Amino acid sequence: MTRVHIDHIALCVKDLDQAIADWKDILGVLTPEMTETITYSRGSSDGTEMVWATFQNPDPTGVSIQMWAPGSPDSWVHKVLAKRGEFVHHIAFLSDNFGHTMQQCRAAGLPVLLDEDSHPDTMPWLKWNFLPESKAHGVLIELATRYQVGGDRWLPHPGNAENAELNKEWTQRFYTDPGLQGGGKP
């Protein structure tokens, strides 16, 4: 059965460094454990350069706080920020079987924004697509491949349906009991 959970809420900000500092202050009081792991990345998707940072919730199915900002001058993001100011950009749902989740959305007649799933150029294994703000009453819904956090980076989750080979490789590498190499329980 496909599992989907809310992973993060993303804010579009003008100054990523200032947003990180401000959210460290907020989370340092409210949930200090969320300040322990921050993932950073940059990349482009559909020709738009982006930089982002995510305060990772230590609970793997807990909600994290992400901020992203334009990664190059004069992108469409600058125009949106000038018009709207900083705002909640999206709520991200992660799936352990992204292809199946997208099939379900399309079969249900949900207005999926992209005909073909997208991904950041720096992480081609990470797929995403979106449901529009008009359907979700003002906020973009991101649908994405479930990932795991390793240090300050996002990594492919070996338990995802699309990562069966990775899961097999890791199981063979890290379990010495031949009975467990097939993924079974002792």
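**View 1. Strands and a helix come together around the largest pocket of this predicted model**. Strand 3 (48-55), strand 4 (64-70), helix 2 (76-84), strand 5 (87-95), strand 6 (128-131) and strand 7 (140-145) each bring at least two residues to the lining. Which element gives the most to this lining? Strand 5 does, with four residues. The space in this pocket comes to about 540 Å³.

**View 2. Here we move to the centre of the largest pocket**. Among the 25 residues that line the pocket, the ones nearest its centre are Trp68, Trp76, His89, Phe130 and Leu140. Try finding these five names in the sequence, then look for them in the structure. Sorted by class, the lining has 14 nonpolar, seven polar and four charged residues.

**View 3. The second largest pocket has a volume of about 360 Å³**. Asp59, Pro60, Thr61, Tyr147 and Gln148 are the closest to its centre, out of 22 lining residues. Which strands each supply at least two residues of this lining? They are strand 1 (4-12) and strand 8 (147-150). The classes here are six nonpolar, nine polar and seven charged residues.

How do we know where a pocket is? Rolling a probe the size of a water molecule over the atoms shows where empty space is left.

**View 4. Arg3 and Asp96 meet through their side chains in a salt bridge**. The N to O distance is 3.2 Å. Where do the two partners sit along the chain? Arg3 belongs to the segment before strand 1, while Asp96 is in the loop between strand 5 and helix 3 (98-107), so this pair ties together parts that are 93 residues apart in sequence. Are the partners buried or exposed? Arg3 is exposed, with a relative accessible area of 52%, whereas Asp96 is buried, at 8%.

**View 5. Helix 4 holds a salt bridge between Glu169 and Arg173**. The closest N and O atoms of this pair are 2.6 Å apart. Glu169 and Arg173 are four residues apart in helix 4 (residues 164-174), so about one helical turn separates them. Glu169 is partly exposed, with a relative accessible area of 40%, and Arg173 is exposed, with 52%. How many salt bridges does a search of the whole structure find? The search finds two.

**View 6. Lys14 sits in the loop between strand 1 and helix 1 (16-30)**. This lysine is exposed, because its relative accessible area is 55% and the limit for that label is over 50%. Which residues does Lys14 touch, once neighbours within four places in sequence are left aside? Lys14 is in contact with Ala69, Leu81 and Glu86. You can also look for Met67, which is 53 residues from Lys14 along the chain. The C-alpha atoms of Lys14 and Met67 are separated by 9.7 Å.

**View 7. Two cysteines, Cys12 and Cys105, are picked out here**. Are they buried or exposed? Buried means under 20% relative accessible area. Cys12 has 1% relative accessibility, so Cys12 counts as buried. Cys105 has 8%, and therefore counts as buried too. How many disulfides does a search of the whole structure find? The search finds zero.

Definitions and conventions: Residues are numbered from 1 along each chain as its sequence is written. This is a predicted model: local features need pLDDT of at least 70, side-chain atom pairs count only at pLDDT 80 or more; totals for chains, interfaces and linings use all residues. Side-chain values use heavy atoms; hydrogens and water are left out. A disulfide is a pair of cysteine sulfur atoms within 2.5 Å. Buried means under 20% relative accessible area, exposed over 50%, partly exposed in between (1.4 Å probe, protein chains only). On a 1 Å grid over the protein atoms alone, a cavity is a set of points where a 1.4 Å probe fits but cannot get out, and a pocket is an open set with protein on both sides within 12 Å along at least five of seven lines; lining residues have an atom within 4 Å of a point. Grid points are joined across faces, edges and corners, and a volume is the space filled by probe spheres set on the points. Ala, Val, Leu, Ile, Met, Phe, Trp, Tyr, Cys and Pro count as nonpolar, Asp, Glu, Lys and Arg as charged, and the others, Gly among them, as polar. A salt bridge is a side-chain nitrogen of Lys or Arg within 4 Å of a carboxyl oxygen of Asp or Glu. Contact means heavy atoms within 4.5 Å.
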